[in-house]
Amino acid sequence: MNILIWHVHGSWTTSFVQGPHTCLVPVTPDRGPDGLGRAATWQWPPNVREVTPEELRGADIDLMVLQRPHEPALAHEWTGRRPGTDVPAVYVEHNSPDATPAGTRHPLADRDDIPLVHVTHFNRLMWDNGRAPATVIEHGVIDPGPLWTGTEPRAAVVVNEPVRRGRTTGTDLLPRFARSAPLDVFGMRTDGLAAHLGLDPGRCRTRDLPQGELHPAMARCRLYLHPVRWTSLGLSLLEAMFLGMPVVALDTTEVREAVPDDAGVVSNRLDVLDEAVRAFLADPAQARYAGERARAAAQARYGVRRFLDDWEQLMKEVTR
């Protein structure tokens, strides 16, 4: 099939484009949010083709994969065809609801012609999906290999824009955790985080690395710390598990489903999490054991083959 899909989330899309279909990715001269084109920092196969809005008007499209509220209208404008009516379409919801989980109605809730695909069961539960047919296809991660060495007695944290996102991503908790372990915070727009939090730069190093360098750098840290209060299940958490890293995480959203008891410590008690961080720093053998269990759990549930099979089944149902 020819699948129209915008480049929105690089890591998720990297897994999606591993399938057998041709993916038409819009590109614009400014490579802005609606026209990023092919990824610059991920390895995408040749079946991903850049197409301009003008080329889309005459392109053969068998399925539209939408991911943002304005994309149904944008797809109609650029292709001349209505998603869900003229061309089969699905909508991937990557996020948990921003407002209240009891009262946030999904933008597609009043439509029944475009299936709504959530990436976690928690998200499906919390969104008001209305009339939209809702299903779940859990994340699939390309296995980076068991790279963990834990040679650096530090805790890795991965978060984009930690200053702007604040309490949502647990940025305010980092000074507390920095007393238990020095932190390496990876992600976009992390510069100035230590100063913002009043921390010594040695206790809170920030690093915005290309994708190819991120995993080895994470894997040198003794453990992975996930202080996130309210986002969808982070791919960085699953990637850390694939690397073989022990996990210390808040017990929020889908984390409890993803991290088994022997793969780390998941709790909403900060004193328990502090102690877990210190324990993994003090005992590399225990960190290694928990990391091995984390990797086994991630391989069993979040492999890319299962992800692609789930998508293949859904796409057959939607396009038949």
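Start by selecting W12 and F16 in this predicted model: both side chains belong to buried residues. You will find the two of them in helix 1, which spans residues 10–16, set 4 residues apart, or about one turn of the helix. Now show their rings. W12 and F16 make a stacked aromatic pair, with 5.3 Å from centre to centre and 15 degrees between the planes.

Keep W12 on screen and add W311. These two also form an aromatic pair, this time edge-to-face, with centres 6.1 Å apart and planes at 75 degrees. Which parts of the chain does this pair link? W12 sits in helix 1 and W311 in helix 13 (residues 304–319), so-called distant parts of the chain, 299 residues apart. Like W12, W311 is buried.

Next, add F307 to the selection. With it you have a cluster in which ring pairs link W12, F16, F307 and W311. If you would like to hunt for other rings, the whole structure holds 6 aromatic pairs.

For the last stop, colour helix 9 (residues 235–243) and helix 12 (residues 284–301). Their axes lie 6 Å apart, and the helices pack at an angle of about 115 degrees. Look along the crossing: helix 9 passes helix 12 in a left-handed manner. To see what touches, show L238, M241 and F242 on helix 9, then G291, A294, R295, A297, A298 and Q299 on helix 12. How do the residues of this contact divide? Colour them by type and you get 6 nonpolar, 2 polar and 1 charged.

Definitions and conventions:
Residues numbered from 1 in each chain as written. Predicted model: local features only at pLDDT ≥ 70, side-chain atom pairs only at ≥ 80, totals over all residues. Heavy atoms only, no water. Axes fitted to C-alpha atoms, helices over the stretch in contact; angles between N-to-C directions. Helix = DSSP H or I, 4+ residues; strand = E, 2+ residues; numbered from the N terminus. Left-handed = near helix turned anticlockwise from the far one by under 90°. Contact = heavy atoms within 4.5 Å. Nonpolar A, V, L, I, M, F, W, Y, C, P; charged D, E, K, R; others polar. Phe/Tyr/Trp six-rings, centres within 6.5 Å; stacked < 30°, edge-to-face > 60°. Buried < 20%, exposed > 50% of the residue type's maximum accessible area, 1.4 Å probe, protein only.
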